Amino acid sequence: MSLSSQLEKQLRTANAGPANLAAQEGDAKVVCELTAVDSLGVSVQRLELHSKKLEGLPTEKLREVADALAKKVSYLLEAIAPIEIDDEACTIQMRSMPPHRAENATSYYEVLVTAGTISLKRYNKARGATRHAEPFDLTRQVLVRLVDDFAAAASSV
Amino acid sequence: MSLKIERDQRRFKQIVRGKVRENLKKYVSHGEMIGRKNKDLVSIPLPQLDVPRFRFGDNGNGGVGQGDGEEGTPVGKGGQQRPGGVGEAGSDPGDGHLMEVDMTLEELADILGDELELPNIEPKGNASITQEKAKYNSIRSTGPESLRHKKRTYLKALKRHISTGSYEPSEPTVTPIRGDQQYRSWNTIDKPEVNAAVIYMMDVSGSMTDEQKQVVRTAAFWIDTWLARQYGGIETRYIIHDAVAKEVDEHTFYHTRESGGTRISSAYKVCAALLENELPPSEWNLYCFQFSDGDNWGEDNERAFGTLKEKILPHVNLYCYGQVESPYGSGEYIGHLQGRFGDKYDTLITAEMEDRDAIYDAIKVFLGTGK
């Protein structure tokens with residue numbers, strides 16, 4: 001059963017409160033930390049895909065994964081794009097482009113593509129304060145699609 | 001007694017200085033004059049200066065009528081708008097046009113110092129560098145014609161005429177010959193100089209936008225202007241970094257954009273090497289200005305603080321960190337920096353620069369220490 005199908009199944013049986021979902025298929029594993037689940041959607045604190053296919057990849061290959069993600073994931077609140085490429089840490093940092101700016105705070109998605117993992121969080125940064133990860137809402141269909149797209153991007157190299 | 005034109009010129013300069021002073025915050029924020037800078041002068045766009053002039057009134061309401069009309073037809077009031085709406089645009093310049101005046105960088109620095117109440121810098125240590133300078137303080141019998149000393153040449157010729165008995169007081173003609181010619185000449189002297197060097201470090205990683213770089217460029221222009229005024233010339237070095245740092249020229253510094261991650265420690269490493277190899281702290285007054293959006297990759301902070309503490313902070317007059325806000329909000333490096341070093345080093349100054357308007361205050365904070 002695919003990762004997304006396993007997640008769908010777990011969501012159907014999940015209670016309304018916080019939930020930690022995990023699914024594995026072959027050499028890929030998805031971990032989803034939810035702060036709330038209801039009949040229409042979920043509130044996501046963290047979404048991670050661990051894949052053996054990504055392990056040991058050089059930054060050029062990880063950049064291809066990031067580019068593939070940027071093309072596919074066009075249905076969140078903001079588009080995401082690679083911002084910084086760190087050769088030393090072998091990490092591609094993707095963020096909302098542009099971020100959402102409210103009166104006194106900025107919020108944005110941050111996707112880190114590393115040699116082994118793709119992770120997604122949303123951050124909020126108020127003026128004069130440190131940034132903190134905040135839950136973001138997705139419909140169940142969007143969450144499932146996101147997991148599919150993460151898996152497809154990881155398999156694309 | 002000075003001539004009237006000189007008085008007028010002085011008055012004009014005072015007015016210009018007044019206008020620049022009035023609008024200094026705007027100039028500092030918007031960096032309009034940076035593109036107009038040459039070696040010694042900078043052109044400053046000023047709003048048109050008001051020249052007093054007569055304004056004609058309507059001379060009462062009446063006037064003599066002209067043209068066709070029946071007896072008893074009222075005479076129209078002069079100056080009224082013609083029927084048919086507003087006329088077409090004129091071809092003459094309007095009030096909004098700007099005039100440009102040239103001002104020396106020294107004058108500009110003085111205005112900046114007055115307005116921001118900046119204290120004069122006290123260079124650390126004694127002047128330990130000597131520089132060779134040519135001083136025209138001697139006379140030779142050979143040299144280029146442009147350096148011929150006419151008075152001494154005449155005196156020597158006169159002496160020769162008198163000593164040979166060819167001088168006639170009734171007909172005092174003195175004709176210099178080749179052997180009479182005297183020329184100005186120079187000696188090379190060693191002049192003690194206080195040397196100052198500014199090292200700019202800028203984060204050019206993917207998260208730094210062009211707008212942020214413009215903020216840095218504007219701030220650097222004013223810092224340069226002030227320090228050059230204080231030291232009478234400065235050595236400027238530029239370092240850019242993302243995950244890797246390198247020393248570059250001024251143009252590259254302001255026009256490079258990389259996509260690498262932010263590792264501030266790489267810039268510190270290059271800066272420390274510069275201090276060690278080319279700008280020894282015992283001989284230079286050193287100023288380091290670092291600009292970044294503060295989004296340093298987490299584990300790099302410790303490495304950066306280590307180099308900063310060991311190899312930079314103890315050796316410089318000032319280390320200033322300006323955190324320029326990125327579209328993702330200001331980073332957290334400034335907080336970590338303050339948390340780590342706090343008030344331990346009086347050479348460490350930090351400022352947050354949210355936008356162009358914050359440059360003015362940042363410069364005041366950076367240069368207000370008088371170091």
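# Two chains and their salt bridges

User: How far apart in sequence are the residues that touch in chain B?
Analyst: Among contacts in chain B (heavy atoms within 4.5 Å) between residues at least 6 apart in sequence, 79% join residues at least 24 apart. This is a predicted model, in which local features need pLDDT of at least 70, side-chain atom pairs count only at pLDDT 80 or more, and totals for chains, interfaces and linings use all residues. Residues are numbered from 1 along each chain as its sequence is written, chains are lettered from A and ligands numbered from 1 in the order in which they are written, and side-chain values use heavy atoms, with hydrogens and water left out.

User: How many helices and strands does chain B have?
Analyst: Chain B has ten helices and ten strands. These are DSSP runs numbered from the N terminus, with helices (H or I) of at least four residues and strands (E) of at least two.

User: What share of chain B is buried?
Analyst: Of its 371 residues, 40% count as buried. Buried means under 20% relative accessible area, exposed means over 50%, and partly exposed lies in between (1.4 Å probe, protein chains only).

User: How many residues of each chain are in the contact between chain B and chain A?
Analyst: Chain B contributes 21 residues and chain A contributes 19 residues. The area buried between the two chains is about 1600 Å², and carbon and sulfur atoms give 44% of that area. Buried area is the accessible area (1.4 Å probe) that two parts lose on being put together, summed over both.

User: Which three residues of chain B supply more of its buried area against chain A than any other three?
Analyst: They are B:Trp297, B:Tyr328 and B:Glu332, which supply 43% of the area that chain B buries against chain A.

User: How many salt bridges are there between chain B and chain A?
Analyst: The count between them is six, and over all chains it is 25. A salt bridge is a side-chain nitrogen of Lys or Arg within 4 Å of a carboxyl oxygen of Asp or Glu.
Analyst: One pair is B:Arg303 and A:Glu88, whose closest N and O atoms are 3.2 Å apart. B:Arg303 lies in helix H8 (residues 300–312) of chain B and A:Glu88 in the loop between strands S4 (80–86) and S5 (91–96) of chain A, so the pair joins two chains.

User: Which network of salt bridges includes that pair?
Analyst: A:Asp86, A:Glu88, B:Arg263, B:Glu299 and B:Arg303 are linked in a network of salt bridges.

User: Are B:Arg303 and A:Glu88 buried or partly exposed?
Analyst: B:Arg303 counts as partly exposed, at 38% relative accessibility, and A:Glu88 counts as partly exposed at 48%.

User: What about A:Arg95 and A:Glu110?
Analyst: Their side chains meet in a salt bridge (2.9 Å, N to O). A:Arg95 lies in strand S5 of chain A and A:Glu110 in strand S7 (residues 105–114) of chain A, so the pair ties together parts that are 15 residues apart in sequence. A:Arg95 is buried, at 1% relative accessibility, and A:Glu110 is buried, with a relative accessible area of 5%.

User: Changing topic, where does B:Ser326 lie, and what is it in contact with?
Analyst: B:Ser326 lies in the loop between strand S9 (318–324) and helix H9 (333–341) of chain B. Leaving aside its neighbours within four places in sequence, B:Ser326 is in contact with A:Arg101, B:Ser207, B:Gln212 and B:Asp293. At 2% relative accessibility, B:Ser326 counts as buried.
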